[in-house]
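Let's take a friendly walk through this protein, one part at a time. Keep the sequence and the 3D view open beside you as you read.

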Amino acid sequence: MRGRGRRAEGGGAAMGLLEQCEAAFGAADLYRALGVRRGASPEEIRRGYHRASLRVHPDRVPPEEKEEATRRFQILGKAYAVLSDAEQRALYDEQGTVDEEGEALRAERDWQEYWRLLFKKITVKDIEDFEKTYKDSEQELADIKAAYVDFEGDMDKIMESVLCVDYTDEPRIRKIIEKAIDCKEVPSYKAFVKESKQKVMARKRRAEKEAREAEKSKQELGLGDGEDDLKALIQSRNKDRKKEMDDLLSHLEAKYGNNPKKGGRKTAAKKGKK
C-alpha cells in the first residue's frame, strides 16, 4: 500500500489514518481494521464496523482502559467513514491513499454521536425474538455450512462462530454438516470426520463452565431483561465471551437497526481474523 495519509507540517508529525490503523490494529489497512474483506458490500462493511467498534467502545471498558479504547474507537469510526463513502473508498482502493482533509474525516466530528446515530440499542427481547426465527432457518443452515468451510471442519471454531448456539446444539449442528457432506454440498474435512472424543469432551466441559459462570454473573448482578441489564451482562464476561455477544449484536443490528436491508446473509468469520 503506497499511501499513509498526510503528515502535519513542521517539527511534530501527525499520524495519518493508515498509520493510526497500523499502530492500533497492526496493519495499515482500513479493511483489516474493520475485519472485512476488500470486496465487502456496504452492508458487510457496516456490520464489520459495528462488530469491531463494540469491542473497543469506551462505555464498555474499565476506567483505566477508556483513553486507549476511545482512541481505537475513533480510528474505527474514521475507517468506516472512508469506506462508507463511495468516492473515498474508490480513491483508497485505486491509490491506497486517504484524503485526510476530506469531508469523511472532519476533525470536529463527534464519533460517539456518529455511532449512536448509526446503531440503535439492542434489548434482550430483540435477541430472544431473533433466536426464535434464526434457529433451523435457511439462514442458519447457510451460516453453518459457511463456517464449516471457512474453518475446514474445526468444530471448536464452528461452534464459536455460528450465532445463537450452545453445546446442547452440537448434535444438531453435526447432523446438518454430515448431511451437507453426504450431499456433496461441502468437502469432507479430516478435522471434522476424524475429530477425537477427547476434543469433543473438552469442548463440552469448556461450554458448561462458561454457562455456569455466565449464570452466576447474572445472578450476582441481579440482572433482568432491560437494555442496561444486557450491557452489564456483557461487561461481566471475559473477552472471548464478549466477542461472541458482539457478533450476535452486530447481526441483530442489521435486522432491527436503522435502515435494515432485507435478504442479506451473514458470512461466517474468516480464518485468522480477530
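A good place to begin is R89, which sits in helix α5. Is this arginine buried or exposed? Its relative accessibility is 14%, and because buried means under 20%, R89 counts as buried. If you set aside the neighbours within four places in sequence, R89 is in contact with Y31, R38, G39, A40, I45, V82 and L83. Please bear in mind throughout that you are looking at a predicted model.

With that residue located, step back to the overall layout. The protein has 14 helices and zero strands, so the pattern read along the sequence is simply α-α-α-α-α-α-α-α-α-α-α-α-α-α. Of its 274 residues, 43% count as buried. Taking contacts between residues at least 6 apart in sequence, 65% join residues that are at least 24 apart.

Now turn to α1, which covers residues 17-25. Which of its residues are buried? They are L17, L18, E19, Q20, C21 and A24. The buried residues of α1 pack against α2, α4 and α5. Just after this helix comes G26, which takes a positive phi of about 85°.

The packing of α1 against α4 can be followed in more detail. Their axes come within 10 Å and cross at roughly 135°, and the two helices are therefore oblique to each other. The crossing in which α1 passes α4 is left-handed. On the α1 side, the residues that meet α4 are L17, Q20, C21, A24 and F25. Facing them from α4 are R71, R72, I75, L76, K78, A79 and V82. Two names here are worth a second look: V82 also appears among the contacts of R89, and L17, Q20, C21 and A24 are among the buried residues of α1.

Continue along the chain into the loop between α1 and α2, where you will find D29. With a relative accessible area of 13%, D29 is buried, because it falls under the 20% cut-off. What does its side chain reach? The side chain of D29 reaches the backbone nitrogen of R32, at 3.0 Å.

Next come the aromatic side chains. The structure holds four aromatic pairs. Y31 and Y92 form one that is tilted, with 5.9 Å centre to centre and 35° between the planes. Y31 lies in helix α2 (residues 30-34) and Y92 in helix α5 (residues 86-95), so this pair ties together parts that are 61 residues apart in sequence. Both Y31 and Y92 are buried. Y49 and Y80 form another aromatic pair, and this one is stacked: 4.6 Å centre to centre, with 10° between the planes. Here too the pair links distant parts of the chain, with Y49 in helix α3 (residues 42-56) and Y80 in helix α4 (residues 66-83), 31 residues apart. Y49 and Y80 are both buried. Elsewhere, Y148, Y189 and F192 form one aromatic cluster.

Y148 leads us to another meeting of helices, that of α8 and α10. These two pack at an angle of about 75°, with their axes 10 Å apart, and are therefore roughly perpendicular to each other. From α8, the contact is made by E140, L141, I144, K145 and Y148. The α10 side supplies R172, I173, I176, I177, A180 and I181. Y148 thus takes part in this helix contact as well as in the aromatic cluster.

Finally, look at the loops that follow these two helices. E152 lies in the loop between α8 (138-150) and α9 (155-161). Its phi is near 50°, a positive value in a residue other than glycine. Its relative accessible area is 40%, so E152 is partly exposed. K184 is found in the loop between α10 (170-182) and α11 (190-193). Here phi is near 60°, again a positive value in a residue other than glycine. Is K184 buried or exposed? K184 has a relative accessible area of 75%, and since exposed means over 50%, K184 is exposed.

Methods
Residues numbered from 1 in each chain as written. Predicted model: local features only at pLDDT ≥ 70, side-chain atom pairs only at ≥ 80, totals over all residues. Heavy atoms only, no water. Phe/Tyr/Trp six-rings, centres within 6.5 Å; stacked < 30°, edge-to-face > 60°. Helix = DSSP H or I, 4+ residues; strand = E, 2+ residues; numbered from the N terminus. Buried < 20%, exposed > 50% of the residue type's maximum accessible area, 1.4 Å probe, protein only. Polar contact = N/O pair within 3.5 Å; in protein donor to acceptor, adjacent residues only side chain to side chain. Axes fitted to C-alpha atoms, helices over the stretch in contact; angles between N-to-C directions. Parallel < 35°, antiparallel > 145°, perpendicular 65-115°, else oblique. Left-handed = near helix turned anticlockwise from the far one by under 90°. Contact = heavy atoms within 4.5 Å.
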